Amino acid sequence: MIPILIYVAMFVAAYFVVKLVTAGTQRQDFTSLKTVTFGDESAVVSDRKASIISIIAIIVLWGAFTGSVLLPGFLHAPGPFTGDGTFTYTVETADGQRDDATVTLLVHPSGEPADAPEVAPGEGFAKDDSVAIAAYRSKLARLDQNDEIGRDEGARIVAVNGQPIAPGGEVATDFGRVVMSQRGTLNIDPDKGWQMEPIWLPAPENVFTRMGEIASEGFRNFTLWEHLGYSLMRVVVGFALGALVGIPLGYAMGLSNWFRGWFDPIVEFMRPVPPLALIPLVIIWAGIGEGGKIILLFLAALWIMAIAARSGVSGVNISKVHAAYSLGASKAQLMRYVIIPNSLPEIFTGARVAMGVCWGTVVAAELVAAEKGAGMMIMVASKFQNTDIVIMGIILIGVIGFGIDMLMRWAERVLVPWKGKS
Amino acid sequence: MSGLSIEKISMRFDLPNGGSVQALKDVSLHLNEGELMSVPGPSGCGKTTLLNIVAGFLAPTEGQIVMNGHTVTGPDAERGMVFQQGALFEWMSVRDNVSFGPRMKGQREADYRGEVDHLLEVVGLQEFKEKAIYELSGGMQQRVALARCLANDPDVILMDEPLGALDALTREKMQSLVLKLWKETGKTIILITHSVEEALLLGERLLVMAPRPGRIHKEYQLHFADMGVDQDLREVKKHPEFAKNREEILGMIWDMEEEIMGRTEAAQ
């Protein structure tokens with residue numbers, strides 16, 4: 001909840017700060033002179049400054065709540081309590097005697113184990129204790145075990161730091177709090193602060209260090225590039241096969257009644273089936289090797305490409321077809337010079353969608369079963385609670401997916417410059 | 001017999017609701033080589049259907065089109081067509097659009113280059129020949145369409161509202177261009193138009209069609225097209241006979257429209 005409120009505050013603050021800083025430096029282009037902008041979609045342009053601040057805000061927030069070394073200390077959210085602390089507890093025996101004992105605790109950062117400090121037993125029947133606790137953890141402490149009169153003899157703890165405590169109750173201390181369980185045992189619970197434990201969310205620098213490590217040393221017998229390369233290879237091969245079959249199928253459906261009638265039910269039925277739902281069947285049929293994954297991606301791309309090619313053909317302006325025939329074109333020439341080029345914009349749109357779906361499907365398929373691949377990497381890492389690898393994998397998958405889309409858009413601009421301009 | 005004969009064409013097709021439409025009934029006429037016939041008429045009088053039958057895109061239910069002694073069975077390079085808009089190939093440059101016909105015949109670039117360049121010169125697009133279609137204005141695009149049709153050297157040019165989507169000024173310039181090209185090339189032209197004025201200006205013969213069923217209502221022989229070849233078209237329009245003809249034809253079309261509306265109301 002707190003991170004969300006901080007994020008909203010950052011959004012609002014950045015808006016006003018940027019507004020203040022850039023006041024008076026407005027460009028006088030045509031769009032800026034429009035008085036009606038609310039509701040005019042063409043007047044809304046993505047504000048680059050906002051985009052940059054948005055990315056910085058996420059990294060700052062991530063760093064602040066993980067105690068990242070990338071940020072100066074004052075930006076960090078309060079971390080967990082570490083260091084030494086003490087509290088006293090009061091024991092009352094069955095016959096009404098009371099005695100105090102002091103507990104010394106050492107809270108050490110997780111991953112750096114430390115021994116509990118040695119303390120002298122002290123006076124009275126309740127002896128002093130010492131406890132070592134890792135940060136973010138709490139500890140049930142049987143403090144009576146070294147006492148002369150313990151729980152087994154009818155003694156019970158009645159106060160902590162002089163404040164009375166009963167089973168189920170708790171007492172706040174300077175290091176956090178002490179809670180009494182229903183059976184009368186004290187649970188020492190040092191303050192966890194607002195930061196995320198590395199096992200939930202590692203600091204950004206840890207993720208990037210881990211990325212460097214895996215890039216040089218590899219992960220599970222394969223280098224990072226092999227993992228990513230295999231995922232990409234599956235996508236490219238599966239998509240290429242899907243396009244190779246789907247585009248001619250779509251053309252046939254767009255040009256022949258019989259083909260349209262025969263394949264319409266199949267295509268319309270298969271289109272809404274999410275490729276992920278096919279994973280179990282494909283594994284049963286083709287196993288978990290490369291074959292199964294490529295079949296899955298082929299099926300993911302096939303219907304999208306067939307439908308794109310079909311609508312590309314049906315979308316041709318009949319005047320163009322008539323014009324080509326009256327200019328003396330044969331059927332083959334009509335296909336080559338009119339139908340195919342006219343359907344390219346639709347096919348490119350379909351290809352972009354298909355590549356996106358394939359990339360998502362391959363990662364999901366690798367999550368289920370694979371020896372290598374981006375999805376397998378994050379799945380295995382999650383089993384070992386290597387959250388840094390999981391986050392690294394997610395970032396890489398996102399970057400590659402974005403890269404694929406950019407590449408397709410670029411190809412579209414170069415190859416079908418007439419798209420949307422007729 | 002040379003020229004183009006439309007022989008007793010009737011066209012009737014069934015509707016999905018069980019009824020049928022008689023789009024054309026017993027339309028017959030003969031066009032000599034080099035004649036320019038314009039066809040104005042109220043919407044729905046079957047003039048576009050007639051043009052599509054002549055082009056070979058539709059088969060008539062009765063009658064036939066005979067051209068240079070053979071019966072028309074489908075589209076052919078001997079009958080070129082200029083469409084209202086959207087018939088150019090956006091994926092080709094202006095030059096490739098214009099040279100489409102010769103290229104489809106398998107001619108080599110050396111064979112058609114001179115003719116294509118000449119036509120681009122005539123329609124005033126020499127500087128734009130490497131441009132993409134979507135970079136041109138609407139009037140320029142129609143000039144490309146005209147040049148593309150002429151580059152294929154058809155015997156008959158069928159024009160389906162070629163200037164309908166242009167603004168008034170561009171339209172006037174294009175009308176002069178059509179007249180000029182007609183005189184220079186001596187092609188037989190059928191021009192479908194919504195504009196009675198345009199039909200009068202360009203048509204050597206003018207065919208008024210009546211709707212339901214589509215049929216020939218009246219034919220005029222005019223001399224405004226000849227006047228327009230070497231006169232400003234605006235001067236031609238000032239001719240008293242021009243105004244008289246225009247009023248007469250407009251009146252005719254008005255009457256037809258009213259009759260249809262009356263009939264529709266009576267049917268309801």
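Start with chain A on its own: its radius of gyration is 33 Å, whereas a compact globule of 422 residues would come in near 22 Å. Keep in mind as you click around that this is a predicted model. Turn chain A along its principal axes and its C-alpha atoms fill a box of roughly 115 × 65 × 40 Å. Colour by secondary structure and you should find 11 helices and 9 strands in this chain. Buried residues account for 32% of the 422 in chain A. Among its contacts with a separation of 6 or more, 63% join residues 24 or more positions apart.

**Stop 1: the annotated stretches of chain A**

Select residues 228–408 of chain A. An unreviewed UniProt entry places the feature "domain: ABC transmembrane type-1" here. In the model this span is 85% helix and 0% strand, and its end C-alpha atoms sit 19 Å apart.

Now for the "transmembrane region" features, which the unreviewed UniProt entry puts at several places in chain A, including 52–75 and 389–411. Try those two one after the other:

- Residues 52–75 of chain A are 54% helix and 0% strand, with end C-alpha atoms 19 Å apart.
- Residues 389–411 of chain A are 100% helix and 0% strand, with end C-alpha atoms 32 Å apart.

**Stop 2: helix α10 of chain A**

Select residues 374–383 of chain A, which make up helix α10. Which residues of this helix are buried? Show side chains for A:Ala374, A:Gly375, A:Met376, A:Met377, A:Ile378 and A:Ala381. To see what covers them, add α4 (224–255), α9 (331–368) and α11 (387–415) of chain A, which are among the covering elements. Just after α10 of chain A, pause at A:Gln385, whose phi is positive, at about 55°.

**Stop 3: the nonpolar cores**

Next, pick A:Leu297, A:Ala301, A:Met305, A:Cys358 and B:Ala147. Within the largest nonpolar core, which has 132 residues, these five touch the most other members. Helix α7 of chain A (residues 290–314) supplies the largest share of this core, 15 residues.

Zoom in on A:Leu297. Beyond its neighbours within four places in sequence, what is it in contact with? The partners are A:Arg234, A:Val235, A:Gly238, A:Phe239, A:Gly242, A:Cys358, A:Thr361 and A:Val362. One of them, A:Cys358, is also on the list of core residues that touch the most other members.

Apart from the largest core there is another one, of 22 residues; A:Leu105, A:Ala126, A:Ala135 and A:Ile165 are among them.

**Stop 4: where chain B meets chain A**

Bring both chains into view. Here 20 residues of chain B are in contact with 17 residues of chain A. On the chain B side, highlight β6 (79–82) and α3 (100–104), each of which supplies at least two of the touching residues. Colour that side of chain B by residue class and you get 13 nonpolar, 4 polar and 3 charged.

**Stop 5: the two domains of chain B**

Hide chain A and give chain B two colours: domain 1 is assigned as 1–78 + 156–246, and domain 2 as 85–153. Their C-alpha centres lie 24 Å apart. How many residues does each domain of chain B put into the contact? Domain 1 contributes 11 residues and domain 2 contributes 11 residues. For the domain 1 side, select helix α6 of chain B (residues 168–185), which gives the largest share, 5 residues. By class, that side of domain 1 holds 9 nonpolar and 2 polar residues, with no charged ones.

Technical notes:
Residues numbered from 1 in each chain as written. Chains lettered and ligands numbered in written order. Predicted model: local features only at pLDDT ≥ 70, side-chain atom pairs only at ≥ 80, totals over all residues. Contact = placed C-beta atoms within 7 Å. Helix = DSSP H or I, 4+ residues; strand = E, 2+ residues; numbered from the N terminus. Nonpolar A, V, L, I, M, F, W, Y, C, P; charged D, E, K, R; others polar. Core = buried A, V, L, I, M, F, W, Y, C linked by C-beta atoms within 7 Å. Buried ≥ 20, exposed ≤ 12 C-beta atoms within 10 Å, placed from the backbone. Rg over C-alpha atoms; globule rule 2.2 N^0.38 Å. Domains from an automatic or database assignment. UniProt positions renumbered as here; feature names shortened; annotations may be inferred.
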